[in-house]
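Trainee: Before I plan anything at the bench, could we go through this structure together, one question at a time?

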Amino acid sequence: MKLPVFPYGGDYNPEQWPREVWEEDVALMGRAHVNVATLPVFGWAALEPEEGRFEFEWLDDILDRLHRGGVTACLATATASVPAWLTQRYPDVLVVGEDGVRRKHGNRHTFCPNSPNYRRLATLLVRKLAERYGQHPALLLWHVNNEYGGYCFCDQCAAAFRGWLRARYGTLAELNDRWYTSFWGHTYTDWEQIDTPTKNGEHSIQALKIDYHRFQSESLLDCYRAEAQVLREVTPDVPITTNLMGAFFPLDYHQWAKEMNVVSWDNYPYYNAEPADVAFAHALMRGLKEGQPFLLLEQSPSQQNWAPYNRLKPPGQLRLQSYQAVAHGADSVMYFQWRRGRGGIEKLHGAVMEHGGSPENRVFREVAALGAELQRVGGEIQGKRVPARVAVLFDWPNWWGLRYSSGPSKDLDYPKVVRAFFAALHGLGIQVEVVSPSADMAPFDVIVAPLLTMLRQEDADRITCRVEQGASLVATFFSGLTDDTDRVYLEGPPGPWREVLGISVEETDALPPELPNGLRWGEDEEHDATLLADRVRLEGAEVLATYTRDFYAGEPAVTRNRHGEGRAYYVATLPEAAGLRHLISLVCAERGVVSPLPDGPPPAGIEVTARGDLLFLLNYGAHPATVRLPEGSFVDHLTGDSHAETCRLEPLAVLILQEANSPREAP
Ligand SMILES: [Zn+2]
């Protein structure tokens, strides 16, 4: 899906402002090179002030003004924040929290996803919007709801959960077996005995909690589907999205992306976020739809208001962060929000237009300059893909299972471990797609599967098959322990991967932070090892590194097994960053997977990404750096400057290089 413009703009809340401000807004959007406004995300109360009475005149007016000003609309369905009249009349719409207490009216995302009244009223509003604006010339795409996320634990959800379980397991006997309810005598004899896992409820059956996550993620997805179905019916040609939030615990985005025409997400890194961690989030979002470009739907132009310390983005940082998103596959750069609100809890959230601000303000000037640049180069970039031969696997049900695992260590943090492996690849300049273990593995020569404790048999088989064909698998400690309902594989870990890895695991030790173990690679290389340490029995694999401490010193810590045409590595513990880099270099070198740069890893502080025939170089470091380029001569799309052999990057610099005599331009 390629939009007719490279969207630049963001959230706009005209319903919070009198109309004289609207005229100024549209004029200033022009000066900032804004070509898209997302609205009216929280407009339900203004669009339907009482049940069945719709007021669209104000939205007609602002959409017409935007269109006259050359601004398109990312038109929101406005169902994220329910009006006060609605919950007053239909209290069942209000969510019940994990504490079992029904929330009162207020805040946002406080609707029960299984409330028939919410579904009915939300889809009615969506139909009215689609019918009224489906042909409006400003309409660019549909923005369903907003940042879906809140779980509900009410009686409606409990009843729907039981229906969902009946459909999933068929019989109570099957459910009891899959959930292993004979534990502590928790066997169910009637479906009605199954309740939602509220704080004062069932927490010893982890399969119930994992299934409750699946169910709530699907319930919210059903809300999205209900809206999207109306939109597809009325406006079949207009793309539909909803804004996701990176590695967001409550929702299994791999299921969500299947329903979206284009993935979009909101990027709000802390001021001290590592560029590799932000790159991970982009790669995760891009990987949701087989590497298709995504939309950066929100970021703050200056500061947030909800972090512990809401630092300003110093000059140049917004541009750098925006191009990082673009380098990793974003086909838009958008903000929250256009104008800082006058009141409410987001009044201190950054915006393009500050309180009492003007186009002379620093943030406005930076936004306008970036808008002008993207207007020039965006079309060249749009639609291009970020090729990757390495997959890092990420799985939401596995995350849920690990979160509720009692043992072996309280420090088990699934995304943190995955990010550590991703960071090693990122530091080497190697492009990565972050994908589901259920994804098609054919495009990948190296498959890195950190901490995949829950390993579904069919995924294990497909990945094993890819190894047989010649790929390399990197599996880690505490993997292949359980099936998708958290039952341990009886043959012990790594379960379905025992043969491909050529090892089995006898015991798993938890390492307190003050008691790391060590890894010895051959004679001279040694690294700390943390978190967990599996004791490995060799069943055909060779030893690459051994433990240095404790009663299992000298036993295998990293192994490699030949399987078919491929190789399968087992990393029995978490090496420190240098150890991970050592391991990943070895694996990638064996498969000929390299950075786009001739010297391999970029200098410290430099990020390199190839997107289509473009080479993005970004400098996050505090110092200038010189990068050796591939053979040939290159033109920087941003400046028009030519570069050959090397190029120098000042701090915060961005280069978008294209080979000057690329084949399609040759005579
Ligand atoms: Zn509910």
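Mentor: Let us begin with the metal site, keeping in mind that this is a predicted model. The four donor atoms around the zinc ion subtend angles of 100 to 117°. Four donors count as tetrahedral if all angles lie between 85 and 135 degrees, and therefore the arrangement around the zinc ion is tetrahedral.

Trainee: Which residues are the protein donors of the zinc ion, and how are they spaced in sequence?

Mentor: Each donor atom is an SG, lying 2.2 to 2.3 Å from the zinc ion, and the residues that supply them are Cys112, Cys152, Cys154 and Cys157. Cys152 and Cys154 are buried. Written along the sequence, the spacing of the donor residues is C-x39-C-x1-C-x2-C.

Trainee: Turning to helix packing, how are α8 and α13 oriented to each other?

Mentor: Two packed helices are described by the angle between their axes and the distance between the axes. For helix α8 (residues 206-234) and helix α13 (residues 396-403), the axes come within 9 Å and cross at roughly 140°. The contact draws on Ile210, His213, Arg214 and Ser217 from α8, and on Pro397, Trp400 and Gly401 from α13. Angles over 145 degrees count as roughly antiparallel, and the pair α8 and α13 is therefore described as oblique.

Trainee: In which hand does α8 pass α13, and which residue in a loop touches Ser217, Trp396, Pro397 and Trp400?

Mentor: The crossing of α8 past α13 is right-handed. The residue that touches Ser217, Trp396, Pro397 and Trp400, when residues up to four places away in sequence are not counted, is found in the loop between β6 (243-244) and α9 (253-257), and this residue is Asp252.

Trainee: Is Asp252 buried or exposed?

Mentor: Asp252 and Leu221 are 31 residues apart in sequence, with a C-alpha to C-alpha separation of 9.4 Å. The relative accessibility of Asp252 is 9%, and because buried means under 20%, Asp252 counts as buried.

Trainee: How do α1 and α3 lie relative to each other?

Mentor: The axes of helix α1 (residues 19-31) and helix α3 (residues 57-68) come within 10 Å and cross at roughly 25°. On the α1 side the contact is made by Arg19, Trp22, Glu23, Val26 and Met29, and on the α3 side by Glu57, Trp58, Asp61, Ile62, Arg65 and Leu66. The crossing of α1 past α3 is right-handed. Since angles under 35 degrees fall in that class, α1 is roughly parallel to α3.

Trainee: Where is Val435, and what is its relative accessibility?

Mentor: The place of Val435 is in strand β11 (residues 432-435). Leaving aside neighbours within four places in sequence, Val435 is in contact with residues including His254, Gly287, Phe394, Met441 and Phe444. The C-alpha atoms of Val435 and Leu402, which are 33 residues apart along the chain, are separated by 18 Å. Val435 counts as buried because its relative accessibility is 4%.

Trainee: Which residues does Gly341 touch?

Mentor: Gly341 lies in the loop between β9 and α12, and with a relative accessible area of 3% it is buried. Not counting residues up to four places away in sequence, the residues that Gly341 touches are Gln16, Trp17, Lys347 and His355.

Trainee: Which residues are joined by cis peptide bonds in these loops?

Mentor: Most residues other than glycine have a negative phi, and most peptide bonds are trans. The peptide bond from Phe336 to Gln337 has omega near 0° and is cis, and Gln337 lies in the loop between β9 (330-335) and α12 (362-381). Pro408 is in the loop between α13 and α14 (414-427), and a cis peptide bond with omega of about 0° joins Gly407 and Pro408.

Trainee: What is phi of His109, and what is phi of Asp550?

Mentor: His109 is found in the loop between α4 (84-89) and α5 (116-133), and at 16% relative accessibility His109 counts as buried. Asp550 lies in the loop between β17 (542-547) and β18 (556-563). Phi is positive in His109, a residue other than glycine, with a value near 50°, and phi is also positive in Asp550, with a value near 70°.

Methods: Residues numbered from 1 in each chain as written. Predicted model: local features only at pLDDT ≥ 70, side-chain atom pairs only at ≥ 80, totals over all residues. Heavy atoms only, no water. Donors = N, O, S within 2.8 Å, 3.2 Å for Na, K, Ca; no water. Tetrahedral: all angles 85-135°; square planar, octahedral: opposite > 155°, others 65-115°. Buried < 20%, exposed > 50% of the residue type's maximum accessible area, 1.4 Å probe, protein only. Axes fitted to C-alpha atoms, helices over the stretch in contact; angles between N-to-C directions. Helix = DSSP H or I, 4+ residues; strand = E, 2+ residues; numbered from the N terminus. Parallel < 35°, antiparallel > 145°, perpendicular 65-115°, else oblique. Left-handed = near helix turned anticlockwise from the far one by under 90°. Contact = heavy atoms within 4.5 Å.
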